[in-house]
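Colleague: I would be grateful for a close look at a single part of this model, followed by whatever you consider relevant to its wider setting.

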Amino acid sequence: MSATPHLWLALSPHGYGHTAMTAPVIAEIQRRIPFLRLTIQTQVDPDFLRSRYRHFSHVDQIADFGFHMVSATGIDLEASAQGYLDLFNRFDAEVADNAARMALDRPHLVLSNVAFIPLAAAARLGIPALALSSLNWADMYAHYLGHRPEAPRVLEKLLSAYHGAQAFLRCTPGQVMSLTNQVQIGPIARIGQDRRAEMRRNLGLAGADRVGLIAFGGIGHDLDLTHWPAVPGWSWLVVADDVARPDMVHWRRSGLHFSDLIASVDVVVTKPGYGTFTEAAMVGTPVLYTSRPDWPESPHLDDWLARHTQALATQPDALLGDLAGLLQKLFSLPKQRVATPDGVAEAAEIIVAELERHCAIDICS
């Protein structure tokens with residue numbers, strides 16, 4: 001093995017939230033180990049990766065798919081069930097293929113958020129591995145698809161892959177997990193910088209204008225923004241490229257890193273999601289979000305968010321109906337004490353210790 005520590009990071013293919021969640025931890029590890037080699041295995045858009053990570057090699061093939069989605073919150077359960085059955089039927093071949101890819105440039109440690117095939121591949125090669133996330137696909141599968149006849153066989157594979165990791169670092173807030181190797185850590189997020197004056201200059205906004213961010217993640221959301229209510233004095237930053245309205249502009253026009261943008265707007269309109277919720281809670285930005293009662297993470301994300309910023313759950317039709325009233329209600333809620341990203345240092349400490357244990361050098365020397 002090379003003496004240079006080599007970390008292989010595997011990210012779920014639709015995992016924009018997983019990507020944002022892991023990035024602060026990787027940044028802290030790179031601060032402690034400036035000469036770290038980082039390989040990222042994911043199908044997440046490379047431009048998004050470059051906005052969150054630095055100095056990495058990219059492997060863009062991964063068998064994991066999470067769930068097949070029809071929107072930001074809508075799961076295609078039949079397609080997902082068939083996808084897992086198909087993956088189960090070729091599981092050994094996929095693990096062997098992933099293991100062969102890893103073996104070409106053998107890392108010292110595999111970190112997964114929260115793909116299971118790379119974990120199984122690491123176990124096959126005898127490479128130590130850790131998992132890090134607020135959820136896992138075994139418990140998610142059990143929640144939505146555990147009633148199906150093939151579920152016991154599929155779950156056996158999924159659970160075996162996750163239990164093959166030396167530990168599953170379950171960050172706060174997160175779903176209740178059945179895994180026996182979980183280690184609870186604190187919240188993880190990048191703390192954004194308030195750069196609203198710069199944002200307003202870049203957008204050409206008057207001082208009295210208020211700015212909201214509509215962000216439903218990397219998958220198309222359930223709202224038709226052409227019917228978004230016009231609220232006097234408000235401008236909206238959106239992630240869509242095809243919205244032509246005078247009160248809406250693509251968020252990249254702000255010139256800010258996404259985390260800084262969350263710290264600079266007056267409100268974030270979103271769905272329950274780890275990255276957006278935690279980044280808003282670190283800086284106290286109010287959050288107006290569409291509820292998602294079926295998602296196992298939701299109760300834990302929702303309760304935690306409400307303890308750290310003004311937060312209000314609603315429904316898509318309500319957003320398109322009485323947006324002004326919802327904003328007024330949101331801003332009337334009491335302010336809360338912001339969160340701190342304790343999980344960043346906690347996760348980095350564990351990961352660096354594992355790298356030290358399996359490298360031929362003392363990283364701290």
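**A loop histidine and the domain boundary**

Modeller: His308 sits in the loop that links α11 (298-306) to β13 (311-314); helices (H or I, at least four residues) and strands (E, at least two) are DSSP runs, numbered from the N terminus. The model is a predicted one, in which local features need pLDDT of at least 70 and side-chain atom pairs count only at pLDDT 80 or more, while totals for chains, interfaces and linings use all residues. Residues are numbered from 1 along each chain as its sequence is written, and side-chain values use heavy atoms, with hydrogens and water left out.

His308 counts as buried because its relative accessibility is 16%; buried means under 20% relative accessible area, exposed over 50%, and partly exposed in between (1.4 Å probe, protein chains only). Leaving aside residues up to four places away in sequence, His308 touches Ala281, Gly284, Gln336, Arg337, Val338 and Ala339, contact being heavy atoms within 4.5 Å. With Arg337 there is also a reach from the His308 side chain to the backbone oxygen, at 2.9 Å.

Turning to the wider setting, the chain is divided into domain 1 (6-188 + 342-358) and domain 2 (196-332), with bounds from an automatic or database domain assignment. Their C-alpha centres lie 28 Å apart, and 26 residues of domain 1 are in contact with 22 residues of domain 2. Between them about 2100 Å² is buried, 63% of it from carbon and sulfur atoms; buried area is the accessible area (1.4 Å probe) that two parts lose on being put together, summed over both. In domain 1, Ala72, Thr73 and Pro173 lose the most area to domain 2, together 28% of what that side buries.

The two domains share 1 salt bridge, a term for a side-chain nitrogen of Lys or Arg within 4 Å of a carboxyl oxygen of Asp or Glu. The count of residue pairs in polar contact between the domains is 11, both residues being at pLDDT 80 or more. On the side of domain 1 that touches domain 2, the elements giving two or more residues are α1 (16-32), α2 (46-52) and α6 (137-145), and α6 gives the most, with 4 residues.

Helix α6 is largely enclosed by the rest of the structure, because 7 of its 9 residues are buried. These are Trp137, Ala138, Asp139, Met140, Tyr141, Tyr144 and Leu145.

Terms used:
A polar contact is a pair of N or O atoms within 3.5 Å; within protein, one must be able to donate a hydrogen and the other to accept it, and residues adjacent in sequence count only if both atoms are side-chain atoms.
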